[in-house]
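Work through the exercises below with the model open beside you, trying each task before reading its solution. The steps are meant to be followed in order.

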Amino acid sequence: MPLNNPHIPKEEYHQTFLRLISNVQTCIKSAGVEVEDEFVVMIIKLVSLDPGNKFLIKQQMVESELERMKKIVVDRILAMSSMSRDIISMQFHFKMSYYNRDDSVYAHREDQENKISSLMNDMKTGIPNNLRQHDIWYAKLIGATIIEANMGSAMESSVVRETEDRQTDGRTDKRNSIALMLRREDMNLLSTMTQRDREAQLYHLMHIAIGIRLYSKDKNPDDYGEFIENLPSITPLKIDETLALMSTMRSTNIQRLIRYTTIAQPYFLRHVIYRMDRRAVNSEMVKIRQALAMVHQVLIYLKELTDDLSHEKDICSQLVTGYREIMDDLHRIVSNGVQNGDEVPRTVLHAKFVDLTAAWRDLQECQVFVESISLIVKSLTEFSSENLSKVDTVVDKILGESHIPVTEKEFFNFPTIKLPDDKYALAKRLDFREDLNPLQMTCSGFCVHSLVKGIGLLILSNPNLGIFNWKNQNYLLSTSKGAMDFRRDPDSYVKKVHAIARKWPELIVLLNIEKDAFDPGTVSDADRSGKTTNVLISTDAGAQTEIHPVESHIVKHYTSNEWDLRMRGLTLSKIHKCRTHGTQTHWQALKHNAEVQTFATKTVSMQTNRDVYSEIPLSQFYLYGLRGLHCGVEPHVVEISQDNPTDLRGMVATRIEPEINLKDELPFLPQIYYQN
């Protein structure tokens, strides 16, 4: 499959990929199977990495290859069992639905802001000038207040009711919480503010109104009960109900885990039948092995949700206590003012109303997070109940009248075994501490040896054996024999685990090895299943073979370009002809940075070996035999000289130069340039 090819336009690649996903979805829906798009994308990646399919990674595929890809993906999805598809769907659903507390609170606040943004824009852009505009503006303010407090779905009836109460006989009814603190001078003050200050003041006004409604609700529950929920009582009750539901699910799945493991462990780890180099297993046992994966996945999710909800229970308890304290202070302030006959200052009441609103909003955020966890727990029950109920029937049939002798306490009580030292061990052993979480280990803490020997069998590891570190990864094993075998060849076991996860895709997320499972570099012999072809990866690269593997025999400046060789020959000839008694010699040609000798301008007083008035022979030197020599003939320099003209007379006698042996002077010629 073409993945991240820089030569393909991004838009074209994206459209091609979406078209492939759409075609696959059409084919599998016609067969009665519905899965998520993320599910199809994962299968496409696994099909691309399968060496037997011979797809080219990082290269644009032709139409015929796309059709072949679609057929293989559709066949693989339809060939999967319903339990495997449900496990993967459950994993994607949990990933898309589960948010931590901060993300849930942020999404809730953003949703409220989006709902009241249009109303807030209308209110802050202009102040009403007449009665009709005032009623419309007032209704928008009430609606924004109800949305801000999330006080039920009867917003429309509440707005109508508040507006009618405000207009009856010119009197202000007790239900008009906004009208209680909004006077004519306040409206005039709003009209003089900037839009930013007006928006801040409107939010402050809404928070005061929410506090008044909450106070009125607590003082007279019957009158305001239809609009406001009693969050201090409802939220803790919702948390307790969800925790009880998760506790029941955990107990049921723990019993399933014990029964399934008791049956599957001896079968897959001991009962091995080889037939034509393949393991023959019972289809019912395969279902039990897949059911083990689903049970483990459900238990992992339940543990994560239980920890979050238990922490949320403590937060909710503190919020309820703070809310009750603020409400009691309000009742005490109002009652003291009534008894003493004094009017309570508006600033004191408004500050308390704002604090009460802040505590109420914190309780709302707590309720939102608890509600999201409750929905996830229900979806986990829907995904697992049907498949696991069928497996329970199969297990009951296999066990018959016999009972499982192992209790939950005995099942999770791991024996203390001292692992002997092995001088051939590669993986380093470390002691396991109680503060460590096995789920944070590589492969989610499951026994790597059992995964390989049982071809995907999930067995809980024994932390008392210790942690085995290999390539900065921490692994756990279940038996001392498995630990010894893993320590002798850890790399082989890790590669086989990746290969098994690609064949059983529901194990990829469960073992937390998405990065390695979808990496083409981790595809090894374990993925080939006897095939000789590996995953094909096309890339723009060149290959260079060294002529001389021995470093000392490599000539750094060798070139096969004839014109470069001729240029070098001419350069050496010129250097030899112009040689001096200084440092500039023909050896300079072998250096990357040649030294330069600079002479001063010639003067009359300088003495030289050669002068214009000297009578010298005219000679020319040529290099013979640089290319195409016959056997036994070595490269050498040919000198062609010409006698001086008879009419040329010199004032100074010419000095005869000594004869030079060019073979000794240029010993580097055969070594550097004569290379075939």
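**Exercise 1. Find which strands each supply at least two residues of the nonpolar patch, and place Tyr622 within that picture.**

Step 1. In this predicted model, strands β8 (618-624) and β9 (636-642) each supply at least two residues of the nonpolar patch; strands here are DSSP runs of E with at least two residues, helices are runs of H or I with at least four, and both are numbered from the N terminus.

Step 2. The patch is made by Tyr622, Tyr624, Val638 and Ile640 and covers about 380 Å². Patches consist of residues with over 30% relative accessible area and no salt bridge, where nonpolar side chains (Val, Leu, Ile, Met, Phe, Trp, Tyr) are joined within 5 Å and like charges within 9 Å. The areas come from the Shrake-Rupley method with a 1.4 Å probe, and for residues only the protein chains shown count as cover.

Step 3. Tyr622 sits in strand β8 and counts as partly exposed because its relative accessibility is 43%, given that buried means under 20% relative accessible area, exposed means over 50%, and partly exposed lies in between (1.4 Å probe, protein chains only).

**Exercise 2. Decide how far the model can be trusted by its own confidence score, pLDDT, and locate stretches where that score stays under 50.**

Step 1. The score pLDDT is the predictor's confidence in each residue, on a scale from 0 to 100; the chain averages 76, and 72% of the residues score at least 70.

Step 2. Among the elements, helix α18 (residues 506-510) has the highest mean pLDDT, 93, whereas helix α22 (residues 669-673) has the lowest, 37.

Step 3. Over residues 662-676 the pLDDT stays under 50, and the model has 27 contacts (heavy atoms within 4.5 Å) beyond four places in sequence for that stretch. Residues 272-279 also stay under 50, with 10 such contacts.

Step 4. For this predicted model, local features need pLDDT of at least 70 and side-chain atom pairs count only at pLDDT 80 or more, while totals for chains, interfaces and linings use all residues. Residues are numbered from 1 along each chain as its sequence is written, and side-chain values use heavy atoms, with hydrogens and water left out.

**Exercise 3. Are Ser48 and His207 buried or exposed, and what does each one reach or touch?**

Step 1. Ser48 belongs to helix α2 (residues 37-49) and is buried, because its relative accessible area is 1%.

Step 2. The side chain of Ser48 reaches the backbone oxygen of Ile44 at 2.8 Å.

Step 3. His207 is found in helix α9 (residues 195-219) and, with a relative accessible area of 18%, is also buried.

Step 4. Leaving aside residues up to four places away in sequence, His207 touches Glu148, Phe353, Val354, Thr357 and Arg361. His207 and Ala358 lie 151 residues apart in sequence, yet their C-alpha atoms are 8.0 Å apart.

**Exercise 4. Describe the surroundings of Asp431.**

Step 1. Asp431 lies in the loop between β4 (428-430) and α15 (448-453), and its relative accessible area of 57% makes it exposed.

Step 2. The side chain of Asp431 makes a polar contact with the side chain of Arg429 at 2.9 Å. A polar contact is a pair of N or O atoms within 3.5 Å; within protein, one must be able to donate a hydrogen and the other to accept it, and residues adjacent in sequence count only if both atoms are side-chain atoms.

Step 3. Asp431 and Asn464 are 33 residues apart in sequence and 7.9 Å apart in space, C-alpha to C-alpha.

**Exercise 5. How many salt bridges does the count come to, and why are Glu562 and Arg566 separated by about one helical turn?**

Step 1. A salt bridge is a side-chain nitrogen of Lys or Arg within 4 Å of a carboxyl oxygen of Asp or Glu, and by this rule the count comes to 23.

Step 2. The side chains of Glu562 and Arg566 meet in one salt bridge, at 2.8 Å from N to O. These two residues are separated by about one helical turn because they are 4 residues apart in helix α20 (residues 562-577).

Step 3. Salt bridges that share partners also join Asp329, Arg332 and Lys352 into one network.
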